[in-house]
Amino acid sequence: MFIGHFAPALLARGVTDEAPRLGVLFIGAQLVDWAFFALAIIGIEKMRVVPGITEMNAFDLYHMPYTHSLLGTACWALAFAAVVWFISRNVVAATWGGIVVLSHWLLDLLTHRPDLTIAGGEARYGLGLWNLPSIAMPLEIGIVLLAYWFYISRTKGPLIPPLILLAAMLFFQAIDWFGPQPVRSGFGLYFVGMLAFAFLTALAFWVHSTRWHKNKVGLAVPTVRR
């Protein structure tokens, strides 16, 4: 699961104008992966490349209790919600921010091999759709397109910026699926992952600046962004 994690961000922003900015929600959507890469760089969490471990990628995510356990993800979600509330003083915004972060573990549960934990224990969970690309690929694209359509239908503004965002998301996903697979883990792999997240997040902030929620549109509102 890569761009599929951004689907809850698009959905949340489409549901209500009280949700955080789209770029903020994009940060929340991949927050635990941001944290995983940062912790992996300093050796606290660990992964290795094992060719053939799944059909779709070679990542053996064998030690990530602080980010990809359900408890760990819930803690990141609460922390993110607290930051959103502190900045906005809006409980609705904080709640949606937390929900988007928590959705990461649930979506990973669909695709990961059994490498997720509840609280860092020995029991491992994962439905393993990475071994079924004929299901995993259309599922990920499908949930992204559905969320994207919902966001577009619930907001107004020029279509070019969100189309550029969608094209970039699909481009990165194509590289992830069909590009050369990494031969080893390490700083370069983690940095590239964070760079991809940063680029898509920057685009999401830009898209948000060009669109407004239909709930904010009344008879006296002109057809330009306020």
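The legends below accompany close-up views of a predicted model.

**View 1. Helix H8 and its buried residues.**
Helix H8 takes in residues 187-210. At 1.5 Å a residue, its 24 residues should span 34 Å, and the C-alpha atoms at its two ends are 35 Å apart, which agrees with that expectation. The residues of H8 that are buried are Tyr190, Gly193, Met194, Ala196, Phe197, Leu200, Thr201, Leu203, Ala204, Val207, His208 and Thr210. When looking along the helix, a reader may keep in mind that an α-helix has 3.6 residues a turn, so residues three or four places apart point the same way.

**View 2. Thr201 and its surroundings.**
This view is centred on Thr201, a residue of helix H8. Its relative accessibility is 7%, and because the limit for a buried residue is under 20%, Thr201 counts as buried. When residues up to four places away in sequence are not counted, Thr201 touches Gly23, Phe26 and Ile27. Ala167 serves as a further point of reference, since it is 34 residues from Thr201 in sequence, while the two C-alpha atoms are 14 Å apart in space.

**View 3. Helix H7 against helix H8.**
Helix H7 is made up of residues 160-178, and its axis comes within 9 Å of the axis of H8, with the two crossing at roughly 165°. Angles over 145 degrees count as roughly antiparallel, and H7 and H8 are therefore described in that way. Their crossing is left-handed. On the side of H7 the contact is made by Pro161, Pro162, Ile164, Leu165, Ala168, Met169 and Phe172, whereas H8 brings Ala196, Phe199, Leu200, Leu203, Ala204, Trp206, Val207 and Thr210 to it. Sorted by class, the residues of this contact are 14 nonpolar and 1 polar, with no charged residues.

**View 4. Helix H1 against helix H5.**
Helix H1 (residues 7-15) and helix H5 (residues 91-111) have axes that come within 9 Å of each other and cross at roughly 150°. That angle makes H1 roughly antiparallel to H5. The crossing in which H1 passes H5 is right-handed. Here Pro8, Ala9, Ala12 and Val15 of H1 meet Trp96, Val100, Ser103 and Leu107 of H5. The residues of this contact divide into 7 nonpolar and 1 polar, and none of them is charged.

**View 5. The covering of helix H1.**
Helix H1 is mostly covered, with 7 of its 9 residues buried. The buried residues in H1 are Ala7, Pro8, Ala9, Leu10, Ala12, Arg13 and Gly14. These buried residues pack against several elements, namely helix H2 (22-29), H5, helix H6 (133-154), H8 and strand S4 (212-213).

**View 6. Helix H3 across helix H4.**
The axes of helix H3 (residues 31-41) and helix H4 (residues 70-88) come within 10 Å and cross at roughly 110°. Angles of 65 to 115 degrees count as roughly perpendicular, and H3 and H4 are therefore placed in that group. H3 passes H4 in a crossing that is right-handed. In this contact, Leu31, Val32 and Ala35 of H3 meet Thr73, Trp76 and Phe80 of H4. The residues involved comprise 5 nonpolar and 1 polar, with no charged residue among them.

**View 7. Thr73 in helix H4.**
Thr73, which lies in helix H4, is buried, with a relative accessible area of 1%. Leaving aside its neighbours within four places in sequence, Thr73 is in contact with Val32, Thr67, His68, Val101, Leu102 and Trp105. Of these, Val32 is also named in the contact between H3 and H4, where Thr73 itself takes part on the side of H4.

**View 8. Two loop residues, Arg89 and Gly179.**
Arg89 is found in the loop that runs between H4 and H5. Its phi angle is near 55°, which is a positive value in a residue other than glycine. Gly179 lies in another stretch, the loop between H7 and H8. With a relative accessibility of 18%, Gly179 counts as buried, because the limit is under 20%. Gly179 and Leu106 are 73 residues apart along the chain, and their C-alpha atoms are separated by 26 Å.

Definitions and conventions: Residues are numbered from 1 along each chain as its sequence is written. This is a predicted model: local features need pLDDT of at least 70, side-chain atom pairs count only at pLDDT 80 or more; totals for chains, interfaces and linings use all residues. Side-chain values use heavy atoms; hydrogens and water are left out. Helices (H or I, at least four residues) and strands (E, at least two) are DSSP runs, numbered from the N terminus. The expected span of a helix is 1.5 Å times one less than its number of residues. Buried means under 20% relative accessible area, exposed over 50%, partly exposed in between (1.4 Å probe, protein chains only). Contact means heavy atoms within 4.5 Å. Axes are lines fitted to C-alpha atoms, for helices over the stretch in contact, and angles run from 0 to 180 degrees between N-to-C directions. Angles under 35 degrees count as roughly parallel, over 145 as roughly antiparallel, 65 to 115 as roughly perpendicular and the rest as oblique. A crossing is left-handed if the near helix is turned anticlockwise from the far one by less than a right angle, and right-handed if clockwise. Ala, Val, Leu, Ile, Met, Phe, Trp, Tyr, Cys and Pro count as nonpolar, Asp, Glu, Lys and Arg as charged, and the others, Gly among them, as polar.
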